[in-house]
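Subject: Structure handover

Hello,

Please find the structure below, followed by notes on what was found in it.

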Amino acid sequence: MLLDIGTAIMGAGIGAGLVALGAGLGIGRIGGSAMDAIARQPEATGRIQTVMIIAAALIEGVALFGVVVCLLISFREA
C-alpha cells in the first residue's frame, strides 16, 4: 500500500514537471515564430500578436489542467 502511494506521488511529480516543460517549450516556439513573422511582415503585427496570445492562453490552460490532475493524483487518499 505504501509503495502504491509513493509511486503515485512520484508519477504525479514527474507528470507535473513534464507538463510544465511542454508548456514552456510550446510557448517558446510560439513566441519565436511570432517574432519571425513580425520581422517578415511588420504591418501584420497586431494580428500576429492576437493569434499568439490566444495560442499561448490555450497552451497555459492545458498545462494548468495537467498540473491539477497531477496534484489530484498526489493528494488522493489511500
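Helices are DSSP runs of H or I with at least four residues, numbered from the N terminus. By that rule Gly-66 belongs to helix α2. This is a predicted model, in which local features need pLDDT of at least 70 and side-chain atom pairs count only at pLDDT 80 or more, while totals for chains, interfaces and linings use all residues. Residues are numbered from 1 along each chain as its sequence is written, and side-chain values use heavy atoms, with hydrogens and water left out.

Helix α2

Helix α2 covers residues 45–74. Its 30 residues reach 43 Å from the first C-alpha to the last, close to the 44 Å expected (1.5 Å times one less than the number of residues). The buried residues in α2 are Ile-48, Ala-56, Ala-63, Gly-66, Cys-70 and Ser-74; buried means under 20% relative accessible area, exposed over 50%, and partly exposed in between, with a 1.4 Å probe and protein chains only.

Gly-66 counts as buried because its relative accessible area is 15%. Its C-alpha lies 6.9 Å from that of Ala-16, although the two are 50 residues apart along the chain. Leu-64, also in α2, has 56% relative accessibility and therefore counts as exposed. From Leu-64 to Ala-34 the C-alpha distance is 23 Å, with their positions 30 residues apart in sequence.

Ser-74

Why does Ser-74 count as buried? Its relative accessibility is 19%. A polar atom of the Ser-74 side chain lies 3.0 Å from the backbone oxygen of Leu-71. Leaving aside residues up to four places away in sequence, Ser-74 touches Ile-9 and Ala-12 (contact means heavy atoms within 4.5 Å).

Helix α1

Helix α1 runs over residues 2–40 and includes Met-10. Met-10 is exposed because its relative accessibility is 52%. Together with Ile-14, Leu-18, Leu-21 and Leu-25, Met-10 forms a nonpolar patch on the surface, with about 530 Å² of accessible area in total. Such a patch joins nonpolar side chains (Val, Leu, Ile, Met, Phe, Trp, Tyr) within 5 Å, from residues with over 30% relative accessible area and no salt bridge (a side-chain nitrogen of Lys or Arg within 4 Å of a carboxyl oxygen of Asp or Glu). Accessible areas come from the Shrake-Rupley method with a 1.4 Å probe.

Ala-39 is in α1 as well, and counts as exposed because its relative accessibility is 62%. Ala-39 and Leu-72 are 33 residues apart in sequence, and their C-alpha atoms are 43 Å apart in space.

Regards

Key
Helix = DSSP H or I, 4+ residues; strand = E, 2+ residues; numbered from the N terminus. Polar contact = N/O pair within 3.5 Å; in protein donor to acceptor, adjacent residues only side chain to side chain. Patch = residues over 30% accessible without salt bridge, like charges linked within 9 Å, V, L, I, M, F, W, Y side chains within 5 Å.
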